[in-house]
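Hi,

Here is the structure I promised to hand over. Have a look, and my notes on what turned up are underneath.

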Amino acid sequence: MTTTTASAPARRTKPLGALRRFDMVLFSVAAIMLLTQVPITAKEGPAILFWTAVLLIFFFIPYGLMTAELGSTYADTGGIYSWVKRAFGGFWGTQVSWWYWINVGIWLPSVYLMFATLLGQTFDFTVGFWWTVGMAVALIWLNFAINVITLDTSRWVTNIAAIITVAIMLLIGVAGLVRVMTDGSATQWTSTDILPSWGSMVLLGVVVYNFLGFELMSSASEEMQDPKKDVPRSIFTAGVLIAVFYLVAIVGTLLLLPTDGFNRTNGLFRVLESGIGSSGIAGAVVVAISIGALYCFFAALVPWTIGANRAAAEAARRGDLPPVLGHTSKRFRTPVGAAAATALVGTFFTLGYGLVMEISTSPKIETLFWNLFAFSTLVFLLSYLVMAAAFLKLRYSDPEAPRPYRVPGGMVGAWITSTLVFGFISAAMVFFMWWPGASLTRAAYQNYVMQVGVGAALVLVLGVVLAMFAPRWRRRAEAAAEFEHPEATADVALAGIAPDDAATLHDSVTVDEPADANR
């Protein structure tokens with residue numbers, strides 16, 4: 001049976017409802033509030049206070065408002081891909097789905113390199129460069145195994161990690177406060193140190209990165225009980241928690257250690273030892289906390305890979321990415337094709353960048369970590385540039401769509417929100433590549449720019465190549481949809497799949513889904 005509707009989503013005879021609002025808040029906290037970012041951000045010094053305050057007001061709030069409107073208005077599984085596809089059509093849908101998905105595969109090894117470093121510190125052993133790289137590759141494939149489990153099962157992985165992350169961040173903050181009361185701060189907090197300088201401009205990019213990720217919950221909308229209400233409420237709840245806990249942990253780190261007392265990969269263990277102790281019972285407590293942190297390092301990647309792989313599978317089913325990425329596990333209904341490809345991408349770049357460093361320079365885990373992190377972040381930020389533009393475009397091209405939550409201020413508010421988000425993301429990308437005032441040798445900086453810049457250029461070129469093949473994949477996808485539902489037209493709006501543009505939303509045909517044991 002078919003019924004014509006005005007932009008109504010496809011109906012299910014039995015809602016899945018695997019995710020409650022509490023789960024969604026923890027899902028976002030575990031994904032966005034990462035322990036790995038604490039030493040990365042704290043390493044840049046007290047200027048973090050200035051940049052966090054500025055970006056919280058002028059970036060984080062506008063970005064949260066924008067995502068709340070998009071996520072509640074277009075509550076389908078595709079998330080950022082579906083929003084951009086509605087606004088700008090197939091080419092940009094392909095680019096964004098490609099950038100958004102592949103950045104996760106590049107980011108995986110950077111987190112797991114930090115994991116391997118913390119593992120060695122926790123259990124007091126040292127391994128060489130390639131042993132650490134090997135551990136990162138093994139963890140990438142363990143992450144793949146987690147991704148093929150149903151979301152209803154894997155959500156407990158992230159829920160537990162969110163609770164542990166909050167506890168560790170509070171502990172660092174309390175330890176820093178105790179240190180100030182007894183011995184004073186390890187870091188100077190003068191106005192010169194706090195106010196921005198050319199040397200601290202890289203912080204702009206790092207803090208922007210810290211605040212991104214709320215669209216992940218929209219990628220799991222099929223698992224929510226009421227996405228139109230739950231998405232905006234969860235965003236604002238999680239946003240307040242994330243901003244507060246990040247500041248507590250980063251300031252606590254700087255109260256305990258000066259910036260030259262740790263690096264980006266060993267900083268978490270060093271700050272725990274400084275705040276708690278390294279011998280006797282105190283040392284045992286540090287080991288126990290570090291084990292919890294190791295769990296959080298691994299679990300932090302679960303929601304990101306789940307969200308990115310679901311979005312990639314959505315794009316593949318619509319014909320915007322290679323069909324292999326759309327392959328879904330019949331048992332778990334998870335995007336096993338995209339998950340396997342993510343693991344292959346992570347393995348390739350981990351081994352490839354490691355080999356480049358082995359040949360060109362003295363290999364260091366911290367350098368490999370930062371190059372992979374910066375590379376993935378540049379690719380990641382590209383998607384948000386287009387998302388900011390898509391938000392504004394949809395206000396004009398789809399004004400009649402029901403918006404359960406709307407950015408306040410009418411079109412003026414929409415323009416201000418979109419401009420702020422677009423501007424700060426653009427600046428973040430610039431300062432990930434340009435480090436004014438950085439204390440690097442010319443050769444080291446050139447090597448960094450070459451590795452990160454060439455990698456980003458390769459990703460951009462491959463995205464254009466994929467767009468050349470996408471029309472053929474779309475025709476196949478449309479033919480498959482027509483074969484499955486011969487009574488419907490090519491504009492059938494299947495659950496979680498966006499029509500090609502906003503205009504078709506109001507003329508599309510929805511199909512009642514059959515009741516079966518898997519829905």
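**What I found**

In this chain, 84% of the contacts (heavy atoms within 4.5 Å) with a separation of 6 or more are between residues 24 or more positions apart. A word on the basis: this is a predicted model, where local features need pLDDT of at least 70, side-chain atom pairs count only at pLDDT 80 or more, and totals for chains, interfaces and linings use all residues. Residues are numbered from 1 along each chain as its sequence is written, and side-chain values use heavy atoms, with hydrogens and water left out.

The chain has 18 helices and two strands, taken as DSSP runs numbered from the N terminus (helices H or I, at least four residues; strands E, at least two). Of its 519 residues, 59% count as buried (under 20% relative accessible area, 1.4 Å probe, protein chains only).

**Core**

The largest nonpolar core (buried Ala, Val, Leu, Ile, Met, Phe, Trp, Tyr and Cys joined through side-chain atoms within 4.5 Å) has 152 residues. F59 and W370 have the most contacts inside it. Helix 15 (residues 365–397) gives the most to this core, 22 residues. Beyond its neighbours within four places in sequence, W370 touches I40, V202, V206, R264, F432, W435 and Y448.

**Cavities**

I count six cavities of 30 Å³ or more. A cavity here is a set of points on a 1 Å grid over the protein atoms alone where a 1.4 Å probe fits but cannot get out; lining residues have an atom within 4 Å of a point. Points are joined across faces, edges and corners, and a volume is the space filled by probe spheres set on them.

- The largest holds about 90 Å³. Of its 13 lining residues, N103, W107, Y209, W304 and F380 lie nearest the centre. Helix 1 (21–32), helix 5, helix 9 (202–210) and helix 15 each supply at least two lining residues. The lining splits into nine nonpolar (Ala, Val, Leu, Ile, Met, Phe, Trp, Tyr, Cys, Pro), four polar (the others, Gly among them) and no charged (Asp, Glu, Lys, Arg).
- The second largest has a volume of about 50 Å³. Ten residues line it, with N147, I306, R310, T334 and P335 nearest its centre. Helix 13 (residues 280–318) gives the largest share of that lining, four residues. By class, the lining has five nonpolar, four polar and one charged.

Cheers

Definitions and conventions
Buried means under 20% relative accessible area, exposed over 50%, partly exposed in between (1.4 Å probe, protein chains only). On a 1 Å grid over the protein atoms alone, a cavity is a set of points where a 1.4 Å probe fits but cannot get out, and a pocket is an open set with protein on both sides within 12 Å along at least five of seven lines; lining residues have an atom within 4 Å of a point.
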